[in-house]
There are 4 protein chains.
Amino acid sequence: MTVKLGVIGTGMIGTDHTRRIQEVLTGAEVVALYDYLPENAAKLQAAHAPGAKIHETGEALIAADEVDAVLVCSTGSTHESYVLGAIEAGKPVFCEKPLATTAEGAKRIVDAESAAGRRLVQVGFMRRFDQGYNMLKATMESDLGTPLMIHACHRNAAVPEHYVTPMAIHDTFIHEIDTFRWLLDDDFVSAQVIFPRKTRHAHDKVADPQIVLLETSKGVRIDCEIFVNCRYGYDIQCQVVGEEGVADLPEPMAVATRREARLSQPILTDWKSRFMAAFDAELQDFADRVPSGHVGGPSAWDGYVAAISSDACVTAQETGAIVDIALPDRPALYD
Amino acid sequence: MTVKLGVIGTGMIGTDHTRRIQEVLTGAEVVALYDYLPENAAKLQAAHAPGAKIHETGEALIAADEVDAVLVCSTGSTHESYVLGAIEAGKPVFCEKPLATTAEGAKRIVDAESAAGRRLVQVGFMRRFDQGYNMLKATMESDLGTPLMIHACHRNAAVPEHYVTPMAIHDTFIHEIDTFRWLLDDDFVSAQVIFPRKTRHAHDKVADPQIVLLETSKGVRIDCEIFVNCRYGYDIQCQVVGEEGVADLPEPMAVATRREARLSQPILTDWKSRFMAAFDAELQDFADRVPSGHVGGPSAWDGYVAAISSDACVTAQETGAIVDIALPDRPALYD
Amino acid sequence: MTVKLGVIGTGMIGTDHTRRIQEVLTGAEVVALYDYLPENAAKLQAAHAPGAKIHETGEALIAADEVDAVLVCSTGSTHESYVLGAIEAGKPVFCEKPLATTAEGAKRIVDAESAAGRRLVQVGFMRRFDQGYNMLKATMESDLGTPLMIHACHRNAAVPEHYVTPMAIHDTFIHEIDTFRWLLDDDFVSAQVIFPRKTRHAHDKVADPQIVLLETSKGVRIDCEIFVNCRYGYDIQCQVVGEEGVADLPEPMAVATRREARLSQPILTDWKSRFMAAFDAELQDFADRVPSGHVGGPSAWDGYVAAISSDACVTAQETGAIVDIALPDRPALYD
Amino acid sequence: MTVKLGVIGTGMIGTDHTRRIQEVLTGAEVVALYDYLPENAAKLQAAHAPGAKIHETGEALIAADEVDAVLVCSTGSTHESYVLGAIEAGKPVFCEKPLATTAEGAKRIVDAESAAGRRLVQVGFMRRFDQGYNMLKATMESDLGTPLMIHACHRNAAVPEHYVTPMAIHDTFIHEIDTFRWLLDDDFVSAQVIFPRKTRHAHDKVADPQIVLLETSKGVRIDCEIFVNCRYGYDIQCQVVGEEGVADLPEPMAVATRREARLSQPILTDWKSRFMAAFDAELQDFADRVPSGHVGGPSAWDGYVAAISSDACVTAQETGAIVDIALPDRPALYD
């Protein structure tokens, strides 16, 4: 059986997901496209999905009989509305981050999904499907005992001019937020942000690097460097310290060479190649679950908590204070 | 468009490939099965391919209209006949190693395919599709200059009682033979086998470890340890030494831990997990090319040369001598 | 020319330094010993320094004509007095940490040395002589550009019952304090201490682990984990993040083995073996400079600043606050 | 007590050893120098040993009352005569490799020392004192079980014009010969040399690289690459494969950096820095044993066996054949 998917938003990520569904995934195909710029949808149709129908609105795509499930890849401010629409239509929906641009918007989705009574929403936190992170999580469970600390960093070679200080949280650190919650099966109770000396390679409007300190409800302490103009590459590091031992996120596989008095291996420079296989796996998982009517992976609740947590981090950026993070009760659907 | 595949032989590898086609690959499905034990075929049908038809003979499967292409996964002695049948039927055929049990048999396939005038046969040397080996090959091309030597080893934790000395060549080293040819784009001119002190963990009928020395037509020298009762794991190493530098095959990705006074990472113990993704990729590549009528990957010629080369290695085992390897002219189809 | 040294305090470290001088160093010998337990001094004399005279007081040892320079290895509360005595006698003095038990005491030494007008005091911060740290410092200078952050950790396998929370600063972190100042050529302006979830392996009176956050006058931010019951070994890690790149303190040299499905190398469990060669080098450096009348290495000023900085860290432990660190003006002697 | 040493030959290595004795070692000093160019001896005297007497002949130096032991650092053809002289004088003698320029010459030394009835001769195979090799040997004993194979390589960045093919054995591989014997506590029974494709970076008169294959009396098989124009650095690798596991010689300690899309660490380019500490340790060991009248470390027998073994390797170079290596009985002195 082949799952029929509709893709809303045919920009970079929508295009990439369509290619992925058509060429990499098994048991799924793209049958419907929508973009607010119809020519973009037509271009994607021509390139990767000649059999897909182009709809005039996202709502029409959601409503279409032949669409079993929906991918929301449009601009962030439209996510909430499309996701709510899919829930209302009773169709599984995969939503790229952010789930909504505000915590309140995310809460409306949680409420709607709770009312619907089943998991229809999967949020695009692809790291939960990354092989290295899954190896790390398995090692935590088998070898480390109770986790006590995480030391992490998120480094990009460079960011464009429009990237400003709060984006270090909303666009970059939000992946770490979800990853830490998933690794630890825990929630945050406070956040603090520290600003080291600024690199000369950063633009005026971004404080870079930053260090975010998080505390969880079980007392685990996390320090995570965010350094988005580190120059040398795209580098994600994560060390978990437990009562019985320490484990590191593996480096991506690479060839070690001996040349010109250096023993070296390449570091990736592009985030897409770093998590390529994780993107494949998260969508395959979504597609595989569509027939059951219940999706898995990161939930609307995870998206909501990520929104609350990242809002607290932005407040911590602005105030320099240790900011409390309080979560509402978790609806039974997400237990 | 979905490619329709028939699988001959539903033992371990035929079962695994069927699962792979049904659950992992995109654009392909298994529509036909045959095994000389019909109950085996039925079991596989029930588990992974409920829509597949079970045929009474391999020949009937090859002839079936709905079969676009064939996988030969039966016992080695039957490969030649099925592959020749598929060539005659003009259908692409993926053949697990060995292509044939004798060099003469492989030559008959080469001749038949040459007469057919197009590449219909892909041999199951999956390492050519392994990510690590492809990284190594790319590094050779970009960074090492002219290759001069390869130091390699192939280690298994243990082998069963029936594994005897020549199987170290025919079953184990044959993968290295194809890999070295592919990495170097070169052929062998001589082989020598050295027997180190035997491990106490080897059975009576297998000399273990062994070291195979190969010389290529361009003068590259290869030493490859084969150690099939090394105890500690399944470990494939390959170091290429070039005029400008040296490169190593990457270790599989693994989590490094610090525990009990050791900094360590796991070594795989199962060859299937080592090359899992390569098996997926080789079959995806095969399926993707079926519609064109021309397959890629390791060819019948590669299978034939591997047979000639491994025969020379067995002679080298038996005689202790440096054995010349002479190849016939390469048919134009394989240029 | 052989430098003649007197050792005050013949406990563990005094004994080890005496052995070192007699058996490892070149150009130095121990000619005088003192311990408040004369039988201890006699035991050391018999074991390693048969030609040394045992003095009745530390003051007498300092005053003895044949003593060119003094090592203070006695209990911490006596350091200040002996160091002041050596300064007064115009003799170079190597003082184990702490220079004094209070910042005021350290200041008295700084003042006395400044008045004497030459560097007579070397403090036993041996890491400045460690090969790995020196490699890291050289790499910082050649490759990293302006330093922005340091991520570090100090882990011990276990600590004894008497080790309480402030000792994590005064006994353990004080080495990191000096090391960071030396690596960065910078001073601290604030300290904060965070307490993660406590390991079940820690005794009642020690909060373990801890994370110390430091800010320097140039804005460099340091986070350093102190985990003294980490179970797995003695492990010192230090990563420096600069504008142009990142560098890690090397792991101690170790043999990698492949056994029992693990690729692993040993982690040291004893701090003495970790810094053995650094202890040798710091004392050799001291002895080599005695004839000139001017010592090098960590100065009384460094000891004083370490005392002020560690006092601030203890206040940060006690209050949970971000504690300012203000230093007096640096006397010209230490420019 | 200070051991008084005389140094014969004040070229590069004699100068370096004199500096080492005067500045690094403990308990030893250079009291006598001789060089066939008196101005060289005078230069060394001025630089590092102002108290040393310059003798008119090596024989006079050996005979001098104040000389407790002798270092032979002169040109290779003079070694035999000076070593025999020292034996006759009953003085311990440290002889740089080669012990003699012929196996017969080495045998005369062995005979003389055997007649003298005590170990007076230490040969300068410094690797036995290298920390990494000692770690490897300890790991072999604790973790690997019976050794079966060694895979090794010896790479130099480049060699000068006068370096010709047999020097790859006599000057380079001879260190490996002694190291393998010491690691394995075993002797060689055959040698074979293979010549891979030649690097374009080698001069006309040197076949480079080469691979030497050795077999020991216990059946251990060794393959060792010698590549003296590898371009990238000075690199010594050694992997021991045993019945229970595999171990690698550690890489020299180095700082890993992340810069310019590479995770890398430096490779040494100078052999002197690679074995600096081993040179220190071998001479300290020699000096420490002089008072006892019995030296340790690599013996005259080891030097003799190295000569026989390397002669066989040169024959193997010349003939392409597998050359038998037969040793005379080992005199009781060396049991």
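Two residues are in contact here when heavy atoms lie within 4.5 Å. With that in mind, let us walk through this predicted model, starting with one helix and what covers it.

Helix 5 of chain B runs over residues 103-116. At 1.5 Å a residue, its 14 residues should span 20 Å, and the end C-alpha atoms are indeed 20 Å apart, so expectation and model agree. Which residues of this helix are buried? They are B:Ala103, B:Gly105, B:Ala106, B:Ile109, B:Val110 and B:Glu113. Looking down the axis of helix 5 of chain B, you will find these buried residues within an arc of 160°, so they line one face of the helix. A simple piece of geometry helps in reading such a pattern: an α-helix has 3.6 residues a turn, so residues three or four places apart point the same way.

What covers the buried residues of helix 5 of chain B? The cover includes helix 4 (79-89), strand 6 (121-123) and helix 9 (300-319), which belong to chain B. Turn to the face away from the buried side, and you meet the exposed residues B:Glu104 and B:Ala115. After helix 5 of chain B comes B:Gly117, with a positive phi near 80°.

Next, follow the path to chain D and a residue that reaches across to chain B. D:His201 sits in the loop that links strand 8 (188-194) to strand 9 (210-216) of chain D. Is D:His201 buried or exposed? Its relative accessible area is 16%, and since buried means under 20%, D:His201 counts as buried. Its side chain takes part in a polar contact of 2.8 Å with the side chain of B:Glu244, and in another, at 3.4 Å, with the side chain of D:Arg231. Leaving aside residues up to four places away in sequence, D:His201 touches B:Glu243, B:Glu244, D:Asn229 and D:Arg231.

How are chains D and B related as whole copies? A turn of 180° with a shift of 0.0 Å along the axis lays chain D on chain B, with an RMSD of 0.0 Å. The two copies are thus related as by a two-fold rotation axis. Their interface residues tell a matching story: 100% of those of chain D are also interface residues in chain B, so the copies meet through the same surface. For chains A and C, the superposition likewise takes a turn of 180° and a shift of 0.0 Å along the axis, with an RMSD of 0.0 Å. Here 100% of the interface residues of chain A are also interface residues in chain C, so these copies too meet through the same surface.

In chain C, have a look at C:Asp187, in the loop between helix 7 (167-184) and strand 8 (188-194). C:Asp187 has 19% relative accessibility and counts as buried. Its side chain makes a polar contact of 2.7 Å with the side chain of C:Arg181. Among the residues C:Asp187 touches are C:Glu215, C:Thr216, C:Val305 and C:Leu327.

Finally, step back to chain A and its record. In an unreviewed entry, UniProt lists residues 4-125 of chain A as "domain: Gfo/Idh/MocA-like oxidoreductase N-terminal". That span is 44% helix and 20% strand, with its end C-alpha atoms 22 Å apart. For residues 142-324 of chain A, the unreviewed UniProt entry gives "domain: Gfo/Idh/MocA-like oxidoreductase C-terminal". This second span is 33% helix and 28% strand, and its end C-alpha atoms lie 32 Å apart.

Technical notes: Residues numbered from 1 in each chain as written. Chains lettered and ligands numbered in written order. Predicted model: local features only at pLDDT ≥ 70, side-chain atom pairs only at ≥ 80, totals over all residues. Heavy atoms only, no water. Least-squares fit on C-alpha atoms with pLDDT ≥ 70 in both. UniProt positions renumbered as here; feature names shortened; annotations may be inferred. Helix = DSSP H or I, 4+ residues; strand = E, 2+ residues; numbered from the N terminus. Buried < 20%, exposed > 50% of the residue type's maximum accessible area, 1.4 Å probe, protein only. Polar contact = N/O pair within 3.5 Å; in protein donor to acceptor, adjacent residues only side chain to side chain. Expected span 1.5 Å × (residues − 1). Arc of directions from axis to C-beta.
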